[in-house]
Amino acid sequence: MVQLREFLTNLFANYYEAAAMILFGIGFTSLLMHRNLVKKIIGFNFMDSAIYLFLAAKGYITGRLAPIITDGNTDPRLYVNPIPTGLVLTGIVVSVSVTAFSLALTCRLYDKYHTLDIDEITYLARKERD
Amino acid sequence: MKNNSFREKLRRFVDYGSFREEELKLPRSPETLDTDNPENRWLTTVQNSEKPVRARLAKWFTHRGVQVFDNLYRVAAVFICLTLISLLLSVVSFLPRFGGADNPAVNEVEERYVSKAIEETGTTNAVAGMISAYRGFDTLGEAHVLFVAACSVIALLRVDPSERKHGRLVDPELLGEDMDYEPNSDLILRKAAKLLVPLAFIFGLYVILNGTSSPGGGFSGGALIGAGLILNSVAFGFQRTERFFGDEMYHLVKTACLTVYALLMAYFIYMGANGFDDHVWLGVPGNIISGGLILPINVAVGFEVACTMYCFYALFRKGGL
Amino acid sequence: MTLFDGILLAFLLICAVSVSVTRNLLASVIIFMGFSLIMSVIWLTLEAPDLAITEAAVGAGVTGLLFFATLKKIHAIKAENGKPDSGAPEEDGNRDEK
Amino acid sequence: MELVQSFPFITIVFSLTCGVFCAVLRGNRARTLCLSWLTVTFLMSLSVLLYTLKSDGYYIYRMGKWNAPWGNEIRVGVLEALMATAFSGVMLLSVLGGLNHIFEDCEAEKTNLYFTMISLLMSSLFALIYTNDLFTAYVFVEINTIASCALVMLKSSGKTLVATTRYLIMSLLGSGLFLLGIVMLYGITGELLMESIAEKVREIFASGEYSLPLTVIIGLFSVGLAVKSALFPFHSWLPDAHGSATAASSAVLSGLVLKGYIIVLIKIFYRIFGLSVIVSERVSNFLFLFGFLAMILGSVGALRERDLKRMLAYSSVAQVGYIYAGLGMHSQAGMVAACVQILAHAVTKPMLFIAAGGFMDVSGGNKDMASLTGAGRRDPLGGAAFTVGAMSMIGIPSFAGFMTKFTLTQGALQAHTPLMIMALAAIAVSTLLNALYYIPAVFTLFSRRDDGKYAGVRARYTPSYAGATVAFILLNLGFGVFSQAIVDAVSRGLAMFGA
């Protein structure tokens, strides 16, 4: 029982990371399980946003400001960790590129098979080949 | 009849090619065979037993196997994701505290980015300094990820200009009627766009130019300008945007920006690696001309992102710029 | 753990679950755009203004727009508006042959 | 800092620019630009290899004014240079070999985009080989993913679209898990450079503090990159993707793209965690088990296939199983076997796919074995290349494939007994299975009893196809004959590959 309580207090302390991980699970589920292609792509976006939330939460330090040095005071103890922000900036552009590519694929697939259901499309493609 | 000698069987097993229905004069498939005729019944039994194990195995996999796999897949997917969530949550409980000042992530690497940002890269925005100067190679790769995605979307959705040449589409059915331009977008949109589009451009340009001294930079500024372009084409139809931003302009801007960016980075990295001083004036930190190479890099990335975003929209809507 | 952060994170999870639950594609895209706006607010609370601008401009802006363009392209929106589908493209009216 | 030392950086950055220019040029001008740049990168990598062999050590090339933990850096040693040379050479030959297919399969004005994807893929492979920073590896893994999906999709036919979508979805799952691994590792160590992560991991492992997170991180890396490199349980996307793409694309995908992800995994295991941590975490046993299953069931899948290209794709799954079996033997010899298999498979499989493309030309464009009967006689060069490839896959001595099985057996003999028995059994069974589907295929290709449908067709040899097949045969024989020199180079490279 003690372990469970300790587990929950830890989880409560890292609430940003916990929420990010639950979001990651939901995104991973919908990417894996949903048959509708658009839902899959939205699931992928959730999964990626969850990872970036987790990364940005790693860089946050309570009581510190964003790393914009306006008043010339470059004492690092005043500012948040800039590395995760830079990595997430790169990541967001990666997610946009992959989303655009997969949406273009969805359009072409709908053009050809008139359905968004990936299993039906695979069945039609296999039937088309025989 | 075929001789069932071992050599013949081995030859048939070894040599795929000869195993074709018409050569062995076997009926095409057992179902179509009328089994009441005594002579055929004998053939079906021979044919079934003779059919090599591989074909029977393949037949089972393609028909029965798929349904079994399907519902197995559903249960397995739910199971995988629940275990994944619980595993990750248990890992999160062991990780260092959120927001703690003594986390392992707060070390001398991070301190240098903040403390030395101004004197080494000439930027007051430590994040811009980090992604463009310190870790500039990642962002170079980053700009090319967007470029690859733009090329693939072009390859997928681009429709030959000859089919769209003379204004009205040759065959709306061929391209799907959603391709026709927005003939009469309503008044509210046009009035709002008349005000917002110039604002979006100015704000986007501001965000790009001030990338080195305030939050922003190439990607966000470019996306803002891209959104402005899209709003302009939605409100006033594609002809107005095509006048100043057509296919050739898109290719020109994209290639120019990416080449300038790659050349700047190549010069910066080559000089840095070999220890030469690259004589780049870091400018006065705080105002627009600051951050040495970071300003031209931000401008190049900004315009590349802007025209890529518009290109995505134009490709989805009318299959070409 | 301020209340404000809690509400934002709870909203994120509700958005994620509701997208998997709703059957209507248009609704799920709108929910996704809401999700993206909330994400940019969360970036602000995490002291990352760069991400807030980028996420707002790119997440809700361009990605949401591409989803709408896809839905329009596959007539999902037109079918919902109750307008009779003006001649769905016939079965093999597609561009690429084998 | 001699000029040679900055060649790796030049090949990466200017491959990107070559991709940008190819997108703007016309089809055949893009082809000449891309092919000439690939030759230049091959020569540059060769000179880097000679330089590293001569100086017999690795050097750090810092990408910018600041040293490692602050700025990016690439690390060039004998193993990296050898891989880069082999990869660029094989890429050049594959594109040359499949050139006429590229112009036939892609739509007229989209062939230049094909060469864009090829050069961007080349740059991301170089970056994955050389990089010494985890997040740079992630960015170039993304370029690799999108470019390889685009390569499959550029052949305009319905089937490739479906194959690309499934490939893209599985690849996104893989890179999602891989990124989560990087982020968690950053969370507990605070570093992104491989050497400094290794220091922190050693401290953490010694203090036993984050034991569960460390195991989960290793698991995430392995599963994420295994999904992307089509290890056995996650290989469902590979036969469709590699089976339906053009000859040059499936050659590049099977031979090189799968290997890029495995090289990143080797770096993570070898340089960040070190063999001792991997062994104690028992992750390598799972990898060995999956590799073992892949070797057997991949070949069984190939046996079942009637379509030549899908059969070759299934055999790729089996060969990836060899690599993971080598990785899973958690010993130096196992690692050497894995790297040798990466090189041997990179040299052999593209040759088979190019030959398969040639056979499709002479048998009316269909790929099933029935209509390919006697295709080897109609296209002698392709037939010779296919036979050499088949021999090397089966592992006949003096061909490239033999040294893999040889080094793998050496590695197996050093492992502890249960592993050794499983490994030796797997090698024997999979060699037998390889023979069971390659030899009938070669017989069919050269059998005299084709039904005359394509009897009169003679392969009209374009210089690129002929040159590529001959060069592939010589490369394979060269690998086979000088295998001991290559194994020594690989083991020397691996010795300094670690932290």
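**Exercise 1. Read off the order of elements in chain A, then work out which kinds of element it has.**

Solution. Start at the N terminus: the elements of chain A run α-α-α-α-α. Now tally them up: chain A comes to five helices and zero strands. One thing to keep in mind as you go on is that this is a predicted model.

**Exercise 2. Check how the radius of gyration of chain A fits the rule for a compact globule.**

Solution. Step one is the expectation: for 130 residues, a compact globule would come out near 14 Å. Step two is the value for chain A, which is 21 Å. Step three, look at the box: the C-alpha trace of chain A spans about 70 × 50 × 15 Å along its principal axes. Finally, turn to burial and contacts. In chain A, 67% of the 130 residues count as buried. Take the contacts in chain A with a separation of 6 or more, and 52% of them come from residues 24 or more positions apart.

**Exercise 3. Now do the same check for chain D.**

Solution. First, the make-up: chain D has 20 helices and two strands. Next, the globule rule: 499 residues would give a radius of gyration near 23 Å, and chain D has 22 Å, so here the two agree. The C-alpha atoms of chain D fill a box of roughly 75 × 55 × 45 Å along the principal axes. Buried residues are 67% of the 499 in chain D. As for contacts between residues of chain D at least 6 apart in sequence, 79% join residues at least 24 apart.

**Exercise 4. Test whether the length of H1(D) fits a helix, and find out how enclosed H1(D) is.**

Solution. Take 1.5 Å a residue: the 16 residues of H1(D) should then span 22 Å. Compare that with the end C-alpha atoms of H1(D), which sit 21 Å apart, so the length agrees. Then check burial: 15 of the 16 residues of H1(D) are buried, which means this helix is largely enclosed by the rest of the structure.

**Exercise 5. Describe the side of chain D that touches chain B.**

Solution. Begin with the count: 57 residues of chain D are in contact with 49 residues of chain B. Several elements of chain D give two or more residues to this side, among them helix H1 (7-22), strand E1 (59-63), helix H7 (158-189) and helix H18 (417-446). Which element gives the most? That's H6(D), with ten residues. Last, sort the chain D residues on this side by type: 37 are nonpolar, 13 polar and seven charged.

Technical notes:
Residues are numbered from 1 along each chain as its sequence is written. Chains are lettered from A and ligands numbered from 1 in the order in which they are written. This is a predicted model: local features need pLDDT of at least 70, side-chain atom pairs count only at pLDDT 80 or more; totals for chains, interfaces and linings use all residues. Two residues are in contact if their C-beta atoms, placed from the backbone, lie within 7 Å. Helices (H or I, at least four residues) and strands (E, at least two) are DSSP runs, numbered from the N terminus. Ala, Val, Leu, Ile, Met, Phe, Trp, Tyr, Cys and Pro count as nonpolar, Asp, Glu, Lys and Arg as charged, and the others, Gly among them, as polar. The expected span of a helix is 1.5 Å times one less than its number of residues. A residue is buried if 20 or more other C-beta atoms lie within 10 Å of its own, exposed if 12 or fewer, and partly exposed in between; C-beta atoms are placed from the backbone. The radius of gyration is taken over C-alpha atoms; the globule rule is 2.2 Å times the number of residues to the power 0.38.
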